[in-house]
Amino acid sequence: MPSAVVHDSTSDSGIDVYGDNVGTIHNTGTGSITAQYDGIAVYGSNVAGGSILNDGTIATIYSDGIYLRGTNEGSIVNNGTIDSGSNGIRVRGRSYGGLVG
């Protein structure tokens, strides 16, 4: 599986999803996300069947490693490293799914 390195030296997040996550967001073991603000940000819900997986490295300066604005009905799994300026994983809504830190 190909891997990518996301370096964002501006003022935005590494990966932004504007809406619900219905699939899989996967930072693989060789992946690296570096951002000033959120590493992975979902501005909707993580719906049932949706997943956010971190097996690589997420580094942020000012904000969360993984940020979810809505509810979590899917899974959020961190098997990698999150070095953030705020929360490692932040879910603002209710969490009905699995959350593994």
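Let me start with Asn-27 and what surrounds it. Setting aside residues up to four places away in sequence, Asn-27 touches Ser-32, Ile-33, Leu-53, Asn-54, Asp-55, Gly-56, Thr-57 and Ile-58. This is a predicted model, and everything I say today refers to that model. Asn-27 belongs to strand E3, and with a relative accessibility of 6% it counts as buried. One of its contacts, Ile-58, is 31 residues away in sequence, and the two C-alpha atoms are 8.5 Å apart.

Now strand E3 itself, residues 24-27. Its covered face carries Ile-25 and Asn-27, while Thr-24 and His-26 are on the uncovered face. E3 pairs with E6 in the parallel sense, over four bridges. Within that pairing, Thr-24 stands opposite Ser-51 of E6.

Next, the overall picture. The protein has 12 strands and zero helices, so the pattern along the sequence is simply β, repeated from one end to the other. There are 101 residues, and 39% of them count as buried. The exposed surface comes to about 5,100 Å², with carbon and sulfur atoms supplying 47% of it. As for contacts, take those between residues at least 6 apart in sequence: 67% of them join residues at least 24 apart.

On to the open sheet. In what order do the strands of the open sheet run? The order is E2-E5-E8-E11, four strands with parallel pairing. At the edges are E2, residues 15-17, and E11, residues 89-91, each of which pairs on one side only. Ignoring direction, neighbouring strands in this sheet are turned against each other by 5 degrees on average. For the pair E8 and E11, there are three bridges, in the parallel sense. Tyr-67 has Arg-90 in E11 as its bridge partner.

Then the core. Which residues make up the largest nonpolar core? There are nine: Ile-25, Ile-33, Ile-40, Val-42, Ile-52, Ile-58, Ile-66, Leu-68 and Ile-76. The elements contributing two or more residues to this core are E5 and E8. Two names on that list have come up already: Ile-25, from the covered face of E3, and Ile-58, a contact of Asn-27.

Leu-68 is another core member, and its contacts are worth reading out. Not counting residues up to four places away in sequence, Leu-68 touches Val-42, Gly-44, Ser-45, Asn-46, Ile-76, Arg-90, Val-91, Arg-92 and Gly-93. Val-42 and Ile-76 in that list are core residues too, and Arg-90 is the bridge partner of Tyr-67.

Ile-76 also leads to strand E12, residues 98-100, where Leu-99 is found. Leaving aside neighbours within four places in sequence, Leu-99 is in contact with Ile-76 and Ile-89. Leu-99 is partly exposed, at a relative accessible area of 48%. Its C-alpha atom is 5.8 Å from that of Ser-75, a residue 24 places away along the chain.

Last topic, the aromatic residues. How many aromatic pairs does a search of the whole structure find? The search finds three. One of them is Tyr-37 with Tyr-62, a tilted pair at 5.4 Å centre to centre, with 35 degrees between the planes. Tyr-37 sits in the loop between E4 (32-35) and E5 (40-42), and Tyr-62 in the loop between E7 (57-60) and E8 (66-68), so the pair ties together parts 25 residues apart in sequence. Tyr-37 is partly exposed at 34% relative accessible area, whereas Tyr-62, at 52%, counts as exposed.

Why is the pair of Tyr-43 and Tyr-67 tilted? The ring centres of Tyr-43 and Tyr-67 are 6.0 Å apart and the planes lie at 55 degrees; the tilted class excludes planes under 30 degrees and planes over 60. Tyr-43 is in the loop between E5 and E6 (51-54) and Tyr-67 is in E8, so this pair links parts 24 residues apart in sequence. At 23% relative accessibility Tyr-43 counts as partly exposed, and Tyr-67, at 6%, counts as buried. Both belong to one aromatic cluster together with Tyr-18.

To close, Tyr-67 is where two of these topics meet: Tyr-67 is part of the aromatic cluster, and its bridge partner in E11 is Arg-90.

Notes
Residues numbered from 1 in each chain as written. Predicted model: local features only at pLDDT ≥ 70, side-chain atom pairs only at ≥ 80, totals over all residues. Heavy atoms only, no water. Phe/Tyr/Trp six-rings, centres within 6.5 Å; stacked < 30°, edge-to-face > 60°. Buried < 20%, exposed > 50% of the residue type's maximum accessible area, 1.4 Å probe, protein only. Pairing = 2+ DSSP bridges. Axes fitted to C-alpha atoms, helices over the stretch in contact; angles between N-to-C directions. Contact = heavy atoms within 4.5 Å. Areas by Shrake-Rupley, 256 points an atom, 1.4 Å probe, with all protein chains shown as cover. Core = buried A, V, L, I, M, F, W, Y, C linked by side-chain atoms within 4.5 Å.
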